[in-house]
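Trainee: Before we look at the model together, could you take me through it by question and answer, with the reasoning laid out at each step?

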Amino acid sequence: MDREKITVGSKVIVAYPSDGQFLNDPARKLNGKEFVVKRKKTIMLGSHPRWYWELYGAESEYGIPYGFCEEDLIKI
């Protein structure tokens, strides 16, 4: 199944898989909620770039933004 491309400004729903992986992730409390994409962040894992998304309003109680893999977001 092809998903629509997520870009800055896209409306998305956080959709964690229900396979039980990462159940202790504090961002799981946002599962099923709608947000707007704030920015795309790039990190390097060795010599390979990886990306994650930050969303408006998706922050910890300390104001630190949560990062989401593209697989955990559905564009609406």
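Mentor: We begin with a cut-off: a residue is called buried under 20% relative accessible area, exposed over 50%, and partly exposed in between. Please keep in mind throughout that this is a predicted model.

Trainee: With that cut-off, is R50 buried, exposed or partly exposed?

Mentor: R50 is found in strand β3, and leaving aside its neighbours within four places in sequence, this residue is in contact with K41, T42, I43 and L45. Its relative accessibility is 46%. Because buried means under 20% and exposed means over 50%, that value places R50 in the class between them, so R50 counts as partly exposed.

Trainee: What distance separates the C-alpha atoms of R50 and C69?

Mentor: Along the chain, R50 and C69 are 19 residues apart. In space, the separation of their C-alpha atoms is 9.3 Å.

Trainee: In what order do the strands of the sheet lie?

Mentor: The order can be assembled from the pairings, beginning with β3 and β4, which run antiparallel and are joined by 3 bridges, with W53 standing opposite F68 in β4. On its other pairing, β3 meets β2 in the antiparallel sense over 8 bridges, where L55 in β3 is the bridge partner of V37. Antiparallel β1 and β2 are joined by 3 bridges, and β1 also pairs with strand β5 (residues 73-75) over 3 antiparallel bridges. Taken together, the 5 strands form an open sheet in the order β4-β3-β2-β1-β5.

Trainee: Which strands stand at the edges of that sheet?

Mentor: Neighbouring strands of this sheet are turned by 45° against each other on average, direction ignored. An edge strand is recognised here by having a single partner strand, so that one side is left without a neighbour in the sheet, and the strands that meet this description are β4 and β5.

Trainee: Which residue in the turn of the β2 and β3 hairpin has a positive phi?

Mentor: In this hairpin, 2 residues lie between β2 and β3. The residue in the turn with a positive phi, of about 70°, is G46.

Trainee: Which side chains of β1 point to one face and are buried?

Mentor: The side chains alternate along β1, and K11 and I13 point to the other face and are not buried. I13 has I74 as its bridge partner in β5, whereas V12 stands opposite F35 in β2. The side chains that share the buried face are those of V12 and V14.

Trainee: Which strand gives the largest share of the largest nonpolar core?

Mentor: In soluble globular proteins, nonpolar side chains tend to be buried together. Here the largest nonpolar core has 14 residues, and those with the most contacts inside it are V12, V14, L30, F35, L55, F68 and L73. The elements that give two or more residues to this core are β1, β2, β3 and β4. The largest share, 3 residues, comes from β3.

Trainee: Leaving aside its neighbours within four places in sequence, with which residues is F35 in contact?

Mentor: F35 is among the residues with the most contacts inside the largest nonpolar core. With those sequence neighbours left aside, its contacts are S10, K11, V12, V14, L30, L55, Y56, G57 and A58.

Trainee: What is the angle between the planes of the aromatic pair?

Mentor: The structure holds 1 aromatic pair, formed by Y16 and F68, with a centre-to-centre distance of 6.3 Å. This pair links distant parts of the chain, since Y16 lies in the loop between β1 and β2 and F68 in strand β4, 52 residues apart. Both Y16 and F68 are buried. The pair is tilted, and the angle between its planes is 45°.

Trainee: Which residue forms a salt bridge with E54?

Mentor: A search of the whole structure finds 1 salt bridge, and in it the closest N and O atoms are 2.7 Å apart. The pair links distant parts of the chain, 15 residues apart, with E54 in strand β3 and its partner in strand β2. E54 counts as buried at 5% relative accessibility, while the partner is partly exposed, with a relative accessible area of 37%. That partner is R39.

Methods
Residues numbered from 1 in each chain as written. Predicted model: local features only at pLDDT ≥ 70, side-chain atom pairs only at ≥ 80, totals over all residues. Heavy atoms only, no water. Salt bridge = Lys/Arg side-chain N within 4 Å of Asp/Glu carboxyl O. Helix = DSSP H or I, 4+ residues; strand = E, 2+ residues; numbered from the N terminus. Buried < 20%, exposed > 50% of the residue type's maximum accessible area, 1.4 Å probe, protein only. Core = buried A, V, L, I, M, F, W, Y, C linked by side-chain atoms within 4.5 Å. Contact = heavy atoms within 4.5 Å. Pairing = 2+ DSSP bridges. Phe/Tyr/Trp six-rings, centres within 6.5 Å; stacked < 30°, edge-to-face > 60°. Axes fitted to C-alpha atoms, helices over the stretch in contact; angles between N-to-C directions.
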